[in-house]
Amino acid sequence: MADPTVSRLRLIRTTGIGPVTYRQLIARFGNAEAAIAALPMLAQRGGGRSPRIADVSVAEREIAATTRLGARYLFLDDPDYPRLLAEIETAPPALIFRGDIAHAARPCVAMVGARNASAAACRFARQLALQLAENGTTVVSGLARGIDTAAHIGALGAGSDGATIGVIASGIDIAYPPDNTALQERIATAGLLLAEQPPGTEPKARNFPSRNRIIAGLAIGTVVVEAVPKSGSLITARLANESGREVMAVPGSPLDPRAQGCNLLIREGATLVQSAADILEQIRPFDPRSVRSPIDAFAATPTQDASDADRRRIADLLGPVPVAIDELIRQSRESPAVVHTVLLELELAGRLERHAGGRVSLA
């Protein structure tokens with residue numbers, strides 16, 4: 001039997017296999033090796049060719065590189081996988097980490113904001129992070145310039161109590177921005193550094209929204225300190241809200257464009273933050289025991305074989321405009337299991353795209 005780590009990495013690194021598809025495949029076939037063997041058949045049923053399956057040598061080289069860097073893998077079904085992160089639909093099937101994974105088991109608060117933040121906002125972010133860390137909270141951010149950097153430095157300033165998690169959009173061995181190289185290394189030794197991408201991956205624009213979903217998913221709540229409208233920080237806040245987490249924002253002057261995003265969040269219902277006490281008040285009622293164990297992370301919607309008539313009926317309901325899967329189930333009058341089976345086959349055939357909010361469209 002193949003090495004389970006190699007098989008899981010091959011499945012994760014296969015073209016077209018995203019977090020949702022990975023969960024469904026594991027739920028249906030029980031393990032990655034069986035899922036890989038079934039990919040050609042599933043894609044053929046979906047009317048396309050099998051996706052390009054990652055070779056064994058690709059996975060083995062990645063594992064060797066990760067080991068050389070002193071990093072380790074954390075898979076979705078591992079007991080140490082962060083429980084809140086496992087709850088989101090798009091939880092990464094695998095993470096690469098350096099540092100102490102126990103930091104992710106403490107109550108986590110995400111802190112994000114503008115890269116070109118004002119000096120006053122950076123100082124306030126450092127103070128908030130320091131006080132949160134001193135009160136047993138792990139501060140999560142993305143190691144960007146500005147507010148992210150201030151949040152990490154503030155949390156680390158709490159000494160032995162300081163805990164921070166840096167989530168990066170590159171490989172675990174790539175520091176971005178370069179002027180945060182020393183800070184990233186400090187987080188990897190004193191805190192926890194997480195990467196979803198394989199070692200050697202340079203930061204690319206498309207990977208930053210993926211990083212943001214991890215930041216939001218790890219945390220009970222997200223605090224935005226300074227942000228312009230339509231910024232990455234507001235994307236993180238939106239993802240937190242969609243996951244049922246707390247969204248908090250620091251108000252600012254209406255004359256400062258960097259405060260407009262925060263003021264907008266507050267107007268839309270985010271909690272106004274003036275001190276660390278405001279944040280702690282929001283997150284302390286949360287009971288982590290209400291979150292299911294990561295071992296249940298593959299309790300995806302079950303799948304079952306569909307007939308050719310089922311496939312045609314469901315495919316005919318799809319188009320270029322994203323539609324909710326629940327709507328497909330209602331209109332097709334098929335069981336959720338059959339609909340998810342057909343969507344899985346179409347996706348593996350390269351004919352389906354998944355969108356936020358559980359929506360799908362034809363590619």
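This is a short dialogue on reading some features of a predicted model.

Q: Let's start with the helices. At what angle do the axes of α1 and α2 cross?

A: Happy to begin there! Helix α1 covers residues 4-12 and helix α2 covers residues 19-29; their axes come within 10 Å and cross at roughly 135°. Because angles over 145 count as roughly antiparallel and 65 to 115 as roughly perpendicular, α1 is oblique to α2.

Q: Which residues of α1 and α2 meet?

A: From α1, look for Arg8, Leu11 and Ile12; they meet Tyr22, Leu25 and Ile26 of α2. Sorted by class, this contact has five nonpolar residues, one charged residue and no polar ones.

Q: Now for empty space. How does a program show where it is left?

A: The general idea is a rolling probe: one the size of a water molecule goes over the atoms and shows where empty space is left. In this structure, the largest pocket has a volume of about 1100 Å³.

Q: Which residues lie nearest the centre of the largest pocket?

A: Try finding Pro19, Val20, Thr90, Ser210 and Arg213, which lie nearest the centre among the 35 lining residues. Elements that give two or more residues to this lining are α2, α9 (207-218), α10 (232-242), β11 (352-355) and β12 (359-362). Helix α9 gives the most, with five residues. By class, the lining of this pocket has 15 nonpolar, 11 polar and nine charged residues.

Q: And how many cavities of 30 Å³ or more does the structure hold?

A: There is one cavity of 30 Å³ or more. A cavity is a space where the probe fits but cannot get out, whereas a pocket is open. The largest cavity has a volume of about 40 Å³.

Q: What lines the largest cavity?

A: Its lining is made of Ile168, Ala169, Glu196, Gln197, Asn207, Ser210, Arg211 and Ile214. Four of these residues come from α9, the largest share. By class, the lining divides into three nonpolar, three polar and two charged residues.

Q: Let's turn to the backbone. Which residues does a cis peptide bond join?

A: Look at Tyr176 and Pro177: a cis peptide bond joins them, with omega about -5°. You will find Pro177 in the loop between β5 (164-168) and α8 (181-190).

Q: What is the phi of Lys230?

A: Lys230 has a positive phi of about 65°, although Lys230 is not a glycine. Its place is in the loop between β7 (221-224) and α10.

Q: How should I read a residue such as Asp305, and where does Asp305 lie?

A: Start with its element, then look at what it touches. Asp305 lies in the loop between α12 (276-283) and α13 (308-316). Leaving out residues up to four places away in sequence, Asp305 touches Arg28, Arg45 and Val338. Along the chain, Asp305 and Leu193 are 112 residues apart, and their C-alpha atoms are separated by 41 Å.

Q: Last one: which feature does UniProt place at residues 73-283?

A: An unreviewed UniProt entry places "domain: Smf/DprA SLOG" there, at residues 73-283. Over this stretch the chain is 39% helix and 18% strand, and its end C-alpha atoms are 29 Å apart.

How values were computed:
Residues are numbered from 1 along each chain as its sequence is written. This is a predicted model: local features need pLDDT of at least 70, side-chain atom pairs count only at pLDDT 80 or more; totals for chains, interfaces and linings use all residues. Side-chain values use heavy atoms; hydrogens and water are left out. Axes are lines fitted to C-alpha atoms, for helices over the stretch in contact, and angles run from 0 to 180 degrees between N-to-C directions. Helices (H or I, at least four residues) and strands (E, at least two) are DSSP runs, numbered from the N terminus. Angles under 35 degrees count as roughly parallel, over 145 as roughly antiparallel, 65 to 115 as roughly perpendicular and the rest as oblique. Contact means heavy atoms within 4.5 Å. Ala, Val, Leu, Ile, Met, Phe, Trp, Tyr, Cys and Pro count as nonpolar, Asp, Glu, Lys and Arg as charged, and the others, Gly among them, as polar. On a 1 Å grid over the protein atoms alone, a cavity is a set of points where a 1.4 Å probe fits but cannot get out, and a pocket is an open set with protein on both sides within 12 Å along at least five of seven lines; lining residues have an atom within 4 Å of a point. Grid points are joined across faces, edges and corners, and a volume is the space filled by probe spheres set on the points. UniProt positions are given in the numbering used here, feature names are shortened, and annotations may be inferred rather than shown by experiment.
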